[in-house]
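Dear colleague,

I am passing on the structure we talked about, together with some notes on the ligand and its surroundings. Please look through it before you read the notes underneath.

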Amino acid sequence: MPFVEANGARIPAIGLGTWELRGRTCARIVEQALKLGYRHIDTAQIYENEREVGEGLRASGVRRHELFVTTKIWTTHFAPNDLERSTKESLAKLRLSEVDLLLLHWPNPQVPLAETLGALAHVKKLGMSRHIGVSNFTVALIEEARALCPEPLACDQVEYHPYLDQSKVLEACARHGMAVIAYSPVAKGRIKNDQRLAQIGQAYGKTAAQVCLRWLVQQNVAAIPRTSKIERLSENIAIFDFELSDDEMRQIFEMASPKGRLTDYGFAPKWD
Ligand SMILES: NC(=O)c1ccc[n+]([C@@H]2O[C@H](COP(=O)([O-])OP(=O)(O)OC[C@H]3O[C@@H](n4cnc5c(N)ncnc54)[C@H](OP(=O)(O)O)[C@@H]3O)[C@@H](O)[C@H]2O)c1
């Protein structure tokens, strides 16, 4: 499994997204993913599955130091005391002494960013997370966060797939040594019906989803596809035995639109 390196973090290029995975399904999928070779698991306080993610981690038998576990702090916990308390709660649910990456889930203009970033850096210093970062931050917010945060930021986790142009965020992150972690990387499943990607994949014996994930990791982007199906766990990780040509990469870049965002989450910042 290749890694994306970012300000000291080594992030396994493919991780498992766990949004909407609940209960036994969640624990079982996490366990199976780890048994199949995944090493990076993405959860969040708001997913209400940190306990089950922790169960899956332990059931897999994979040693802690081989794992890369991310969780995200929900926006209502951005006041400094709340941030520290809720991080402790996340660790208790996961039954871990630290996570590998702790993210601010969305920007929250109601709480001064300097205070939240100060608290995030503080919990890192206390040993609750090896690395810290942000999610859903625009270029302007990345610049602001960089200037305000006393500790290096490892990433911005953002929606990214072939239908959405994220070149500005990619440039800003590269400028600051931060990784981009692509969420909704298979466009919430829509990629599987994409004719152009399927056609590119034919030459390699790969599916449209595999071509899509390969296109992301070939840009040095980490991706966290979610699936509730064991067979797709294997499919989504079998992308390291072929390489897209420059021309194929270009063809996929041409599919993007600045308006290709799939979901309006309601509390999103004003994307530039
Ligand atoms: N930071 C944030 O604000 C944020 C926002 C959204 C998501 N995320 C994270 O990113 C993860 C992934 O994003 P997402 O869940 O929105 O979307 P996604 O991973 O792009 O798509 C998930 C959907 O695609 C299907 N799928 C997965 N692999 C497939 C394949 N190989 N072929 C066909 N269909 C496939 C899954 O269905 P089946 O289950 O039927 O396979 C599921 O319905 C989340 O789980 C979460 O961890 C973060």
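What follows describes the ligand site first and then the pocket around it.

Please keep in mind throughout that this is a predicted model, and that the values quoted here were computed from it.

Around the ligand there are 30 residues, and among these the ones that come nearest are Asp 42, Lys 188, Arg 226, Thr 227 and Lys 229. By class, the shell around the ligand divides into 11 nonpolar, 11 polar and eight charged residues, and its largest share, three residues, is supplied by helix 9, which spans residues 230-237.

Several polar side-chain atoms lie close enough to the ligand to be listed individually. For Gln 157, such an atom is 3.0 Å from a nitrogen atom of the ligand, while for Glu 235 the distance from a polar side-chain atom to a ligand nitrogen atom is 3.1 Å. His 105, by contrast, places a polar side-chain atom 3.3 Å from an oxygen atom of the ligand. Taken alone, the ligand exposes 900 Å², of which the protein buries 93%.

The space that the ligand takes is the largest pocket, and the volume of this pocket is about 710 Å³. Its lining consists of 34 residues, with Trp 19, Ser 184, Lys 188, Pro 225 and Arg 226 the closest to the pocket centre, so that Lys 188 and Arg 226 appear here again after being named among the residues that come nearest to the ligand. Two elements, helix 8 (208-217) and helix 9, give two or more residues to the lining of the largest pocket, and the largest share of that lining, three residues, comes from helix 9. The lining residues divide into 14 nonpolar, 12 polar and eight charged.

With best regards

Definitions and conventions. Residues numbered from 1 in each chain as written. Predicted model: local features only at pLDDT ≥ 70, side-chain atom pairs only at ≥ 80, totals over all residues. Heavy atoms only, no water. Near = heavy atom within 4 Å. Polar contact = N/O pair within 3.5 Å; in protein donor to acceptor, adjacent residues only side chain to side chain. Areas by Shrake-Rupley, 256 points an atom, 1.4 Å probe, with all protein chains shown as cover. 1 Å grid on protein atoms, 1.4 Å probe; cavity = no way out; pocket = protein on both sides within 12 Å on 5 of 7 lines; lining within 4 Å. Sits in = over half its atoms within 2 Å of the grid points. Helix = DSSP H or I, 4+ residues; strand = E, 2+ residues; numbered from the N terminus. Nonpolar A, V, L, I, M, F, W, Y, C, P; charged D, E, K, R; others polar. Points joined across faces, edges and corners; volume = space filled by probe spheres on them.
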